[in-house]
Amino acid sequence: SWEPTSRTDLEKAFQNEFGFRPGTYVTDLKSRTVNVGDWWGHWMTFTYSSNIFQRVVSSGFKPVTEENLSEHLGPHWKQSIDNPSPNAPKWWKTPKNLTGVVFFQENSRKDFPASYAFIWADATNGRIYLESCAWQ
């Protein structure tokens, strides 16, 4: 596992995930990456910024709807919300409500045959949370 602490490494993790560097207004950035066999997981949290949240969400994320949630067994990202990975960092939080809060992206990584990501904003506590997973 890798849980960077330097701002430089955290900015690299942010850029690897979102394709752009965080501005200086993105503070209290945390990241954890875990590889287990053919599975890869990444968790990230940082201070809430509506501009950053909209920029990320507009890059291919879709809002969660009741229809998404009613699929048989639910999509992979929903299973991760219902049963968080034991590899998730201690600071990781999952949302209480899904519709109108969570945005998801299936096949979010091009370097793996299967993947997903979901992001949500906890505006009350001023945090953005992201989980991204991929596997062979």
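Colleague: Leaving aside neighbours within four places in sequence, which residues is Arg127 in contact with?

Modeller: This is a predicted model, so read every contact as computed from its atoms. Beyond those sequence neighbours, Arg127 touches Asp28, Thr45, Phe46, Thr47, Tyr48, Trp120, Ala121 and Asp122.

Colleague: Is Arg127 buried or exposed?

Modeller: Compare the relative accessible area with the cut-off: under 20% is buried. Arg127 has 11%, so it counts as buried.

Colleague: Which side chain makes a polar contact with that of Arg127?

Modeller: Thr45. The two side chains are joined by a polar contact of 3.1 Å.

Colleague: Where is Arg127 found?

Modeller: In strand β6. Strand β6 covers residues 127–135 and runs antiparallel to β2, residues 39–47.

Colleague: How many bridges join β2 to β6?

Modeller: Nine. Follow one pair to fix the register: Phe46 has Ile128 as its bridge partner in β6.

Colleague: What is the strand order in the open sheet?

Modeller: Read across the sheet, not along the chain. The six strands are ordered β1-β2-β6-β5-β4-β3, and the pairing is antiparallel. An edge strand pairs on one side only; here the edges are β1 (30–36) and β3 (62–63).

Colleague: Which strands does helix α1 lie across?

Modeller: Look for the strands, then the angle. Helix α1, residues 7–18, lies across β1, β2, β5 (114–122) and β6. Its direction is at about 115° to β2. Helix α2, residues 50–57, also packs on the sheet. It touches β2, β4 (102–106), β5 and β6, and makes about 155° with the direction of β5.

Colleague: Which residues have the most contacts inside the largest nonpolar core?

Modeller: Phe14, Phe18, Met44, Phe46, Phe61 and Ile119, in a core of 20 residues. Then ask which elements supply it. Two or more residues come from each of α1, β2, α2, β5 and β6. A separate core has 15 residues, including Val34, Val64, Trp91 and Phe118.

Colleague: What is Phe46 in contact with, leaving aside neighbours within four places in sequence?

Modeller: Phe14, Phe18, Val26, Thr27, Asp28, Leu29, Ile52, Gly126, Arg127 and Ile128. Asp28 appears here and among the contacts of Arg127.

Colleague: Where does Asp28 lie?

Modeller: In the loop between α1 and β1. Check the backbone there. Phi of Asp28 is near 45°, a positive value in a residue other than glycine.

Colleague: How does Asp28 count in terms of accessibility?

Modeller: Partly exposed, because its relative accessibility is 42%.

Notes: Residues are numbered from 1 along each chain as its sequence is written. This is a predicted model: local features need pLDDT of at least 70, side-chain atom pairs count only at pLDDT 80 or more; totals for chains, interfaces and linings use all residues. Side-chain values use heavy atoms; hydrogens and water are left out. Two strands pair if DSSP finds at least two bridges between them. Helices (H or I, at least four residues) and strands (E, at least two) are DSSP runs, numbered from the N terminus. Contact means heavy atoms within 4.5 Å. Axes are lines fitted to C-alpha atoms, for helices over the stretch in contact, and angles run from 0 to 180 degrees between N-to-C directions. Buried means under 20% relative accessible area, exposed over 50%, partly exposed in between (1.4 Å probe, protein chains only). A polar contact is a pair of N or O atoms within 3.5 Å; within protein, one must be able to donate a hydrogen and the other to accept it, and residues adjacent in sequence count only if both atoms are side-chain atoms. A nonpolar core is a set of buried Ala, Val, Leu, Ile, Met, Phe, Trp, Tyr and Cys residues joined through side-chain atoms within 4.5 Å.
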